[in-house]
Structures are given as structure tokens and as C-alpha cells.
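Reader: I would like a close look at a single part of this model, namely the pairing of its aromatic rings. Please set that part in the context of the chain around it, with attention to confidence and burial.

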Amino acid sequence: MSSLRGRVAAVSRGSYGRLRQHLLLAFQGGLAASLAWVVAEQVLGNPDPTFAPIAAVAVIATSIGRRARRAVELIVGVIVGVLIGDLLVGTVGTGAWQTFVIVFGALLVAVAVRGTGALVTQAGGAAALIATLAPGTPDIVLPRTVNALVGGATGLLVVLVLVPMNPTRSVRRIAGPALDTFARQLTSAADALARGDARRARQVLDEMRSAEGQLREVGDVVTAAEEVVRFSPLRWRRRRALAAYGAGAEHLDRAFRNSRTMVRRILTALRDHEPVPVGLSTAVQQVGQGVRLMHEEFLSMREPVRTRERVLRAVHDAGEACRQEIGFSGTIVVSQLRTVANDMLRATGVPGDEARRLVRRAAAGQWSSQQVATAVTESAEGGGGDRDRDHDARRRPAGGLGRNRRQVGER
């Protein structure tokens, strides 16, 4: 009975969290639909403004991540579906086989123009509506096309100008739990390594696989937030607060994926009963602490010097562990930890060459703890302005965080 109550409570909390997360989206959808109807019917005098609110809601509902691009795709898709549908309805009429012909033709045209999923879906949907609804009155192709344009433009107006999302609040709400989960998993992996608990290491690896969707959601909301601060005058002042997350998203994704490889090797080392120096588990734990510090310093808009210092201390300790009695998988854990450290330094704005240099020197044991702190401070003073340049120059994969599926390591 108590377990049932616990499940019900967990489901209720999840539903409440989703409701809070998407409340603004529902409000934007309702507002965009009503405004599109008003503009199409009362301003433009269209007696049948059905497609205007449909296009507006489609822009809102499928816009998370790349609003402007998807809005254009949706508008073009509706236009293609309306034009092909009206053309073929006038030629073949309506009915079961006519619906097949009309939708088939619309989808072929959408694919021919290299349409994506959104464009193809809207083209097929609009054509199906044309084919299955009552035959339209003559000369309504232009009004329906204008309705689609009105709806798409209204949707963009609502999400980017009238009621834009709060970019920093949205990113913090999603990124906070995701980064906390990442840090907790690294801490658990370090604890499993210290205790020699292979079963716990296996659980951590499974948890990291399950958390991939959570990180993908962070990438989507970061991309959406960047678009809002770029196009919405009401949110321009949030650009600086969002810059850290935007610049570090790709490298955080790499850090997570390389961390998962590191935990897999931790599991192998424990299963094979390899000798594990104490300093190696300490180093893994420090990487987890670095993830927490990164989130805190991003939130406070401080230069992430403490994050860099903690990560380089982890590399230093792992290097010391590697010079002791250690097995084959243990050496791979050390190598992966250095790769993760490089990714995290890049996420904090350190240029690639400088990040690799810092990791190499820390791994070689050339520095004391005080020298690590000094090197980090000098790097921040010398390369503090490189973050924006690196952010402008880099080419992020489509969809942002969570879209790069390769294990990427820069040593």
C-alpha cells in the first residue's frame, strides 16, 4: 500500500512539473490561435479563416528548439498542401480514392522541395483537410494561403515578441536538474570505485544511459532560449546570462558521453579485480564536484575559475594514481578522465589549445595544488575574452545538446 502511494505521489509530482513547464506554451497557443482568427476574419475580411489558427498553433506546438526555421517549414507545408489540394479537388473531385491522389500528390511535392518532417507533415495534413472537407467554393486558394501566412506570422509574433519565454529561467529549470544528475552519477561512480562495488557501478552506467533524454532536453531549451534572446527585444538583456550555457552546450554533451565511457571502464576494472589507487576515485569525485561548480558559476555569471581549478586537480590526482600500481582498464579510466576534463574546460570558455596544454601539464604532475590554481587564474586573465569568439566561431550540430552521437575526445 505504501509503495502504491509512493508511485501515485511520484506520478502526481511529474504531472505537476510538466504542467508548470508547459503552462506558458498552452497560453501562447491559445493567444496565437485567437489573434490569427481575428486578423484573418476581421482585418483581412476572410469568411473562412480556419487555416490561420491551425497554422498559428502548429508553430507554437512544434517550435521548441528552432522556432523561426520550423515556422517557415510549417507555413510552406500548409501552402503546398492547400495549393495541391485545391488544384486536384477541382480536377478529380472528392472521395476515398481522390483523397489518396490528393495527399499522395501533396507529399510528393513536399519531398521534391527537400522538405523536412514538419513541412511534409503539414503539406499532407492540409491536403487531407482539403480533400475530406466539403468542396470549397471557387477562388479560395489565395485566401487559404494567406490564412496560413497569417497564422505562421502570428505564432512567431506571440512566441518572440508578445509573450516570449524567460530564457534564463527556462534554462535553469531544465539544466539545473540535468547537471545535478550528472554530478550525482559521477559521485556515485567514484564511491563505487572506492568501495570496489561493481554492482553499483553497473547501476550508475544504466542511470547515465537513461539520463540521455534529460540532457537532450537541455539542448532543446538552450537552442530555444538563444533564439528568443536573438529575436525578442524584451529578452535582449538576458544575452549575457545565457551566453555561458550556449557556449558550453556542445562541450557539456561531449563531457557526459565521455564520462559514460569512463564509468564503463570503471565497471570493467572492478569486475576484473584490478588494483585501483585511492587517488583515482578521488579524481572521479572531483570531476563531479566540478560539474556542480560549473552550474553554480554559470548561474551567478561569474568566471568559472573554481570549476577549472577543480577539474585540473582531478587530472593531477588521476595522473598521480596512474604512476602507482594500476590495471589496464584503470589506465583507460585515467585517459577518459583527461578527455572529460578537456571537454569541461572547453565548456567554461577555455580555447582548445589552451585546454589541452593545461590538461597535459596537470597530468604530468608538474604542478602542485597551488600551481594549478595559479595556472587557472592566469588562463582566465589571458583568455577571458575568448569565450565569445569561440562561441561565435564554433559550428554546433543541429538541435544543440544531445545531437552529437559520437564519442569525442580531445587529448
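Author: What follows takes the aromatic pairs in turn and then moves outward to the surroundings.

This is a predicted model, and its chain averages a pLDDT of 78, with 77% of the residues scoring at least 70. The chain has 16 helices and zero strands, and confidence within it is highest in helix α13 (residues 328-347), at a mean of 93, and lowest in helix α16 (residues 386-393), at 40. Over residues 383-411 the pLDDT stays under 50, although the model has 79 contacts beyond four places in sequence for that stretch. Where pLDDT is low, the predicted coordinates should not be read in detail.

A pair of aromatic rings is described by the distance of the centres and the angle of the planes. With centres required to lie within 6.5 Å, the count comes to two aromatic pairs. Phe-100 and Phe-104 make up a stacked pair, with 5.7 Å from centre to centre and 15 degrees between the planes. Both of these residues belong to helix α4 (residues 96-112), where they sit four residues apart, or about one turn of the helix. An α-helix has 3.6 residues a turn, so residues three or four places apart point the same way. As for burial, Phe-100 counts as exposed because its relative accessibility is 56%, above the cut-off of 50%, whereas Phe-104, at 45%, counts as partly exposed.

Phe-182 and Phe-256 form an aromatic pair that is edge-to-face, with 5.4 Å between the centres and 75 degrees between the planes. This pair links distant parts of the chain, since Phe-182 lies in helix α7 (residues 167-195) and Phe-256 in helix α10 (residues 239-271), 74 residues apart. Phe-182 and Phe-256 are both buried. A further reference point for Phe-256 is Leu-215, which is 41 residues away in sequence and 8.8 Å away in space, C-alpha to C-alpha. Leu-215 is part of helix α9 (residues 212-231), and it counts as buried because its relative accessibility is 8%, under the cut-off of 20%.

From the pairs one can turn to the interior of the chain, where buried residues make up 49% of the 411 residues. In soluble globular proteins, nonpolar side chains tend to be buried together. The largest nonpolar core here has 73 residues, of which Ile-266, Leu-280, Leu-337, Met-344 and Leu-345 touch the most other members. Helix α7 gives the most to this core, with twelve residues. Leaving out residues up to four places away in sequence, Ile-266 touches Ala-189, Leu-193, Ala-201, Val-284 and Val-333. There is also a second, separate core of 19 residues, which includes Val-82, Ile-102, Ala-106 and Ala-131.

Ala-131 is also one of the buried residues of helix α5, among them Leu-119, Ala-123, Ala-127 and Ile-130. The geometry of helix α5 (residues 117-132) can be checked in a simple way: at 1.5 Å a residue its 16 residues should span 22 Å, and the end C-alpha atoms are 22 Å apart, so the two values agree.

Two loops complete the picture. In the loop between α1 (2-43) and α2 (51-61) lies Asn-46, which counts as buried because its relative accessibility is 9%. Pro-49 is found in that loop between α1 and α2 as well, and at 1% relative accessibility Pro-49 also counts as buried. Neighbours within four places in sequence aside, Asn-46 is in contact with Ala-40, Glu-41, Pro-143 and Asn-147, while Pro-49 is in contact with Trp-37, Ala-40, Glu-41 and Asn-147. Pro-49 and Val-150, which are 101 residues apart in sequence, have C-alpha atoms 9.6 Å apart in space. For the chain as a whole, 80% of the contacts between residues at least 6 apart in sequence join residues at least 24 apart.

The other loop, between α10 and α11 (278-299), holds His-273. Most residues other than glycine have a negative phi, yet phi of His-273 is near 55 degrees, a positive value. With 71% relative accessibility, His-273 counts as exposed. Taken over its full surface, the chain exposes about 19,200 Å², of which carbon and sulfur atoms supply 58%.

Conventions: Residues numbered from 1 in each chain as written. Heavy atoms only, no water. Phe/Tyr/Trp six-rings, centres within 6.5 Å; stacked < 30°, edge-to-face > 60°. Buried < 20%, exposed > 50% of the residue type's maximum accessible area, 1.4 Å probe, protein only. pLDDT = per-residue confidence, 0-100. Contact = heavy atoms within 4.5 Å. Areas by Shrake-Rupley, 256 points an atom, 1.4 Å probe, with all protein chains shown as cover. Core = buried A, V, L, I, M, F, W, Y, C linked by side-chain atoms within 4.5 Å. Expected span 1.5 Å × (residues − 1).
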